[in-house]
Amino acid sequence: MMPRSLSYVALGVRDFDCSLHFYRDLLGFQVAQEVTEFEGSKYRLGGISEQENRKFRVVVLRYGKENTAPYGMSEDASVISLVAPLGPPPTGTGIKVDQIGISHFGIWVKGLDAICEELKSKGVTFAVPPHTGVKTAAGTLRTAFAQDPDGILIEFQELVPA
């Protein structure tokens, strides 16, 4: 497997508005899309979320060349997604650099299905198999979630032009 670039980093946040202010207003990321009530179960998040059927507030922030791809994503844009659960506050605390963990991070790939099959044959566990994440007039974003040896989720993404 040959990763092409990092596609995005998702950050679980406790105070959505404070985090949005920091990344958008202080660091200069642009809002590509904001969803005030994201239905997690609709996208099969049961295998990658602590609680099933949880709703979230989500904002996708990007920095780089603007484009028409899903969420403005491309190999030339840095993207961060802020995710805050609605209802009961999130569990856990922020980690330090000497601890293991991150919500998940994404890697652009070509040939998603073949890559996933190869990794499965080498013992890699997938929380979510390859599937269509989003489809627009510009193309399709295919995705799969694998787990590293520590259980950290890695999302492999393939952008298939229309």
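The paragraphs below lead through this predicted model, from its overall fold to helix 1, a surface patch, one strand residue and the cysteines.

The chain holds 2 helices and 8 strands, and these elements, when read along the sequence, follow the pattern β-α-β-β-β-β-α-β-β-β. Of the 162 residues in the chain, buried residues make up 36%.

Helix 1, which spans residues 16-26, can be followed from its start to the residue just after it. At its start, a side-chain oxygen of Asp-15 reaches to within 3.4 Å of the backbone nitrogen of Asp-17. Within the helix, Phe-16, Ser-19, Leu-20 and Tyr-23 are buried. These four residues cover an arc of only 100° around the axis, which puts them on the same side of helix 1. The spacing has a general background: an α-helix has 3.6 residues a turn, so residues three or four places apart point the same way. Just after helix 1, Gly-28 takes a positive phi of about 90°.

Helix 1 also contains Phe-22, a residue whose surroundings can be set beside those of the buried residues just described. Phe-22 has a relative accessible area of 38% and is therefore partly exposed, because that class lies between the 20% limit for buried residues and the 50% limit for exposed ones. Together with Leu-26 and Leu-27, Phe-22 forms a nonpolar patch on the surface, and the accessible area of the three residues together is about 280 Å².

Another phenylalanine, Phe-145, lies in strand 7, which runs over residues 139-147. Is Phe-145 buried or exposed? Its relative accessible area is 7%, so Phe-145 is buried, given that a residue counts as buried when this value is under 20%. The C-alpha atoms of Phe-145 and Gly-106 are separated by 8.9 Å, although these two residues are 39 residues apart along the chain.

The cysteines remain to be considered. How many disulfides does a search of the whole structure find? The search finds 0 disulfides, where a disulfide would require a pair of cysteine sulfur atoms within 2.5 Å. As for accessibility, Cys-18 has a relative accessibility of 48% and therefore counts as partly exposed, whereas Cys-116, at 3% relative accessibility, counts as buried.

Technical notes. Residues numbered from 1 in each chain as written. Predicted model: local features only at pLDDT ≥ 70, side-chain atom pairs only at ≥ 80, totals over all residues. Heavy atoms only, no water. Buried < 20%, exposed > 50% of the residue type's maximum accessible area, 1.4 Å probe, protein only. Patch = residues over 30% accessible without salt bridge, like charges linked within 9 Å, V, L, I, M, F, W, Y side chains within 5 Å. Areas by Shrake-Rupley, 256 points an atom, 1.4 Å probe, with all protein chains shown as cover. Salt bridge = Lys/Arg side-chain N within 4 Å of Asp/Glu carboxyl O. Arc of directions from axis to C-beta. Polar contact = N/O pair within 3.5 Å; in protein donor to acceptor, adjacent residues only side chain to side chain.
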